[in-house]
Amino acid sequence: MLRQLLPHFSSSSSSSSPIYSLARLTRQSSSRRVPLASRKTSSSSRSSASTRPFLCLALFLLLILVVTALFLFPPAIMSSSSSSSSSAASVPFERPRKVVKKVLSLSQSEGDGATVRRSIGRHEVPNLDPFLLLDEFSVSKPAGFPDHPHRGFETVTYMLDGAFTHQDFSGRKGTIRTGDVQWMTAGRGIVHSEMPAADGVQKGLQLWINLASKDKMIKPRYQELESKDISQAEKHGVKVRIIAGEAFGVRSPVYTRTPTMYMDFTMQPGSQLHQPIPEGWNAFVYIIEGEGVFGREGAAPASAHHCLVLGAGDGLSVWKRSGAPLRFVLAAGQPLNELVVQQGPFVMNSRAQIKKAMEDYYYGRNGFEKASQWSST
């Protein structure tokens with residue numbers, strides 16, 4: 001724009017230019033008004049000098065007011081800062097994980113008269129490396145899961161309501177109640193039972209997590225957490241119980257041999273969640289109750305008993321707009337990328353290993369030595 005105006009200024013020597021004429025008239029007039037301008041300048045200087053102390057005093061008083069406000073109202077300033085941070089934290093991910101498969105888990109019989117809703121582990125989702133199975137169980141006496149073996153993976157039992165008694169062939173016995181978790185590493189071999197410990201309907205979730213080939217024959221072990229010992233956090237209408245992994249800056253003490261995150265979220269109406277998930281991990285959601293929007297804000301709501309398999313990305317976004325609270329579990333794990341060969345309660349890497357596991361159980365060897373002499377009470 002300046003270059004376009006330059007020709008006009010360069011031709012200012014012409015008497016036809018209004019800019020030049022005005023400048024020339026101004027120069028001529030100013031020569032006759034010098035004495036008056038001098039008097040005004042002198043007067044202005046005296047006036048400026050007389051008002052300078054008042055200006056300094058006003059600035060000093062303003063400074064005092066600002067400092068006083070900082071001391072008297074820090075909560076308001078902190079609240080504003082917190083609100084700003086909260087807003088930044090609620091920004092959706094650059095690569096949000098979308099729902100790539102939605103499966104309604106249907107009731108089926110399992111164990112001895114027990115009823116389960118299986119999602120992972122059925123024909124729509126045979127497995128989701130490293131996850132082998134997820135059952136939502138609903139059991140009343142005398143039904144249950146009597147003596148049965150495991151080899152090659154871990155079982156995670158999370159009680160939603162009621163109580164279950166667990167026994168195994170090493171003499172271990174205990175009861176897990178509402179909100180408790182039992183993380184059992186079967187390793188080379190466990191024979192155990194899982195039966196209702198109270199009247200009425202006992203409800204919970206059981207998740208099976210595969211073990212790497214190098215860990216399949218390790219010694220069995222347990223990690224058990226009572227409800228009061230499970231890590232919890234709450235933020236902006238979202239509450240989480242952290243069974244494994246980390247959420248809202250809080251980490252679970254559970255050791256996961258196969259890197260895993262497993263969390264129970266409850267969201268109030270009007271809340272939203274943006275939970276990071278490690279890149280490259282497989283992940284899914286299982287809805288326990290209520291409904292919400294998962295993956296992208298414009299998606300259709302998903303409701304109870306649906307399993308949502310998530311695609312690739314850096315995190316999960318969830319919106320709970322209205323109605324009753326939404327409760328769901330989020331599970332994610334690092335894939336083992338190994339061949340999975342499963343025969344009932346045995347999960348190995350080849351048919352030969354499955355055959356050997358069945359023989360070991362039948363003949364009572366390689367970890368199953370106590371199997372033939374034991375039965376639950």
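How do the residues of the lining of the largest pocket divide into nonpolar, polar and charged? The points below take up that pocket and then the aromatic and charged side chains, all in a predicted model.

1. Composition of the pocket. Nine nonpolar, five polar and four charged residues make up the lining of the largest pocket. The lining has 18 residues, and the space in this pocket is about 310 Å³.

2. Centre of the pocket. Glu 110, Phe 145, His 148, Gln 206 and Trp 208 are the lining residues that lie nearest the centre of the largest pocket.

3. Strands in the lining. At least two lining residues come from each of β3 (114-118), β4 (131-139), β5 (145-150) and β11 (202-210). The largest contribution is that of β5, which gives five residues.

4. Phe 145 and its partner. By the ring-pair rule the model has 11 aromatic pairs. In one of them, Phe 137 and Phe 145 meet edge-to-face, with 6.4 Å from centre to centre and 75° between the planes. The angle is edge-to-face because it is over 60 degrees. Phe 137 counts as buried because its relative accessibility is 4%, under the 20% limit. Phe 145 is buried as well, at a relative accessible area of 14%. Phe 145 thus appears both in this pair and among the residues nearest the pocket centre.

5. A second edge-to-face pair. Tyr 361 and Phe 368 are also paired edge-to-face, with ring centres 5.5 Å apart and planes at 75°. Here the partners fall into separate classes of accessibility: Tyr 361 is partly exposed at 33%, whereas Phe 368 is buried at 0%.

6. Ring cluster. Phe 164 belongs with Phe 137 and Phe 145 in a cluster linked by ring pairs.

7. Charge over a ring. The charged end of Arg 172 is placed over the ring of Tyr 222, at 4.1 Å from the ring centre.

8. Arg 122. Is Arg 122 buried or exposed? Arg 122, in the loop between β3 and β4, counts as buried because its relative accessibility is 15% and the limit for that class is under 20%. Its side chain makes a polar contact of 2.6 Å with the side chain of Glu 124. The strands on either side of this loop, β3 and β4, are among those that each supply at least two residues to the lining of the largest pocket.

Terms used. Residues numbered from 1 in each chain as written. Predicted model: local features only at pLDDT ≥ 70, side-chain atom pairs only at ≥ 80, totals over all residues. Heavy atoms only, no water. Phe/Tyr/Trp six-rings, centres within 6.5 Å; stacked < 30°, edge-to-face > 60°. Buried < 20%, exposed > 50% of the residue type's maximum accessible area, 1.4 Å probe, protein only. Lys NZ or Arg CZ within 6 Å of the ring centre and 35° of its normal. 1 Å grid on protein atoms, 1.4 Å probe; cavity = no way out; pocket = protein on both sides within 12 Å on 5 of 7 lines; lining within 4 Å. Points joined across faces, edges and corners; volume = space filled by probe spheres on them. Helix = DSSP H or I, 4+ residues; strand = E, 2+ residues; numbered from the N terminus. Nonpolar A, V, L, I, M, F, W, Y, C, P; charged D, E, K, R; others polar. Polar contact = N/O pair within 3.5 Å; in protein donor to acceptor, adjacent residues only side chain to side chain.
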